[in-house]
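Please study the sequence and the structure below before attempting the exercises. Each task is followed by a worked solution.

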Amino acid sequence: MNYELYIDEHPERIDIMAALAAVSSQRREYALRYRKEQDRRLCLSAYLLLQKALQEAYGIIEPPIFSFTPQGKPFLKDHSNIHFNLSHCRQAAVCVVSHRPVGIDIESIDAYDPELIAATMSDKEQDMIAKASSPPLAFIRLWTQKESLLKFLGQGLAAESLRSILDIDIPHRFITHENVALGYVYSLVFSV
């Protein structure tokens, strides 16, 4: 699988005004919808990673404009042959680009809510989390795999599909990276 992965572990360093000037008007409007400065930085960081990826991997220098599938999955309006996915959490932003569909999710390693686990994890997964040496890490690992797979498939986040989504019968592969020191986990999924 050919893909390019970009990560920004210091989104707090983003100069919001400079970033707003560097992105498309579409992304600028989207970023300005966030009320908190940190959320604006994360939104801009993920998009800037996409701009960098498109420039380095494909020679595309203009800020990308998104179109959206009926399910809400973004794609590049003028480059529909290039697939991408963005995600961010408090600690980092991440972007993946490829010639084939991809999905990525990054999440903070936090304490978890047992009700959320019951609603989103299969019985087998709940047992695995309970027996893990670090239940919060085990939960976030599974959560990022589930969410990245839903994004890969172009589906929305729905609790009824979350319980069994990892049992889907399509050829795919996950790469999951844990950065315990910085407090995040990301999962990348692509077809094989």
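Two exercises follow, each on one residue.

The model is predicted: local features need pLDDT of at least 70, side-chain atom pairs count only at pLDDT 80 or more, and totals for chains, interfaces and linings use all residues. Residues are numbered from 1 along each chain as its sequence is written, and side-chain values use heavy atoms, with hydrogens and water left out.

**Exercise 1.** Determine whether Gln-91 is buried or exposed, and identify the side chain that shares a polar contact with that of Gln-91.

*Solution.* Begin with the location: Gln-91 lies in the loop between strand 4 (83–88) and strand 5 (93–98); strands (E, at least two residues) are DSSP runs, numbered from the N terminus. Next, the relative accessibility of Gln-91 is 18%. Buried means under 20% relative accessible area, exposed over 50%, partly exposed in between (1.4 Å probe, protein chains only); Gln-91 therefore counts as buried. Finally, the side chains of Gln-91 and Ser-108 are joined by a polar contact of 2.6 Å. Such a contact is a pair of N or O atoms within 3.5 Å; within protein, one must be able to donate a hydrogen and the other to accept it, and residues adjacent in sequence count only if both atoms are side-chain atoms.

**Exercise 2.** Locate Tyr-6 and state which side chain makes a polar contact with that of Tyr-6.

*Solution.* First, Tyr-6 belongs to strand 1 (residues 3–8). Second, Tyr-6 has a relative accessible area of 11% and is therefore buried. Third, a polar contact of 2.9 Å links the side chains of Tyr-6 and Glu-56.

Notes
Helices (H or I, at least four residues) and strands (E, at least two) are DSSP runs, numbered from the N terminus.
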